[in-house]
Amino acid sequence: ELQLIEGGKVPEDSYDLILCPNTVFDTSATPLLPLLSAASFLCGTNGTSLNACTFEGGDQQIFIQDSALPTYPLETVLFSGITFQGFTENVFLTGTSINAVASSATTA
């Protein structure tokens, strides 16, 4: 989709990215890197934590940065119903690691 936008396609108003319920996503080697503005990462179709989507491991589980396309700013990203565990950068091995190095125009 990002390549299509780069080629001149008009971006969608929003993008719902449905994560498979009852799934553990291993973020120990590579964090999730949102690329599309107005993207919603939903656990199951209704985005509830009862659907049991888990991001496991890593020192950063989500990494948000400015868009690679200067004409397409990454402005909003939503996460709903996701459980974070196994964060490796604190003594309790708990918490959420969302590393946001984007400009002030971006909200998550």
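Trainee: Are Phe-55 and Phe-84 buried or exposed in this structure?

Mentor: Phe-55 and Phe-84 are both buried, a word used for a relative accessible area under 20%, with exposed meaning over 50% and partly exposed the range in between (1.4 Å probe, protein chains only). The model is a predicted one, in which local features need pLDDT of at least 70 and side-chain atom pairs count only at pLDDT 80 or more, while totals for chains, interfaces and linings use all residues. Residues are numbered from 1 along each chain as its sequence is written, and side-chain values use heavy atoms, leaving out hydrogens and water.

Trainee: What makes the rings of Phe-55 and Phe-84 an edge-to-face pair, and what makes those of Phe-41 and Phe-79 a stacked one?

Mentor: Rings of Phe, Tyr and Trp (its six-membered ring) pair if their centres lie within 6.5 Å, and planes under 30 degrees apart count as stacked, over 60 as edge-to-face and the rest as tilted. The search of the whole structure finds three aromatic pairs. For Phe-41 and Phe-79 the centres are 5.3 Å apart and the planes stand at 15°, so this pair is stacked. Phe-41 belongs to strand E3 and Phe-79 to strand E6 (residues 77-80), 38 residues apart, where strands (E, at least two residues) and helices (H or I, at least four) are DSSP runs numbered from the N terminus. For Phe-55 and Phe-84 the centres are 5.5 Å apart and the planes at 75°, so that pair is edge-to-face. Phe-55 lies in strand E4 and Phe-84 in strand E7 (residues 82-85), 29 residues apart, and together with Phe-25 they form one aromatic cluster.

Trainee: How do you know that Phe-41 is buried?

Mentor: Its relative accessible area is 8%, so Phe-41 falls on the buried side of the cut-off. Across the protein chain, buried residues make up 34% of the 108 residues.

Trainee: Why is the link between Cys-43 and Cys-53 called a disulfide?

Mentor: The sulfur atoms of Cys-43 and Cys-53 are 2.1 Å apart, and the definition asks for a pair of cysteine sulfur atoms within 2.5 Å, so the pair qualifies as a disulfide. The torsion about the S-S bond of Cys-43 and Cys-53 is about 90°, so the disulfide is right-handed. It joins strand E3 (residues 39-43), which holds Cys-43, to strand E4 (residues 53-56), which holds Cys-53, 10 residues apart. Cys-43 and Cys-53 are both buried, whereas Cys-20 is in no disulfide, the nearest cysteine sulfur, that of Cys-53, being 7.7 Å away. With a relative accessible area of 48%, Cys-20 is partly exposed.

Trainee: What makes the contacts of Lys-9 with Glu-1 and Glu-12 salt bridges?

Mentor: A salt bridge needs a side-chain nitrogen of Lys or Arg within 4 Å of a carboxyl oxygen of Asp or Glu. The N to O distance is 2.7 Å for Glu-1 and Lys-9, and the closest N and O atoms of Glu-12 and Lys-9 are 3.1 Å apart, so each pair meets the rule. The count by this rule is two salt bridges, and Glu-1, Lys-9 and Glu-12 are thereby linked in a network.

Trainee: How do you know that Glu-1, Lys-9 and Glu-12 are partly exposed?

Mentor: The relative accessible area is 35% for Glu-1, 30% for Lys-9 and 42% for Glu-12, so each residue counts as partly exposed.
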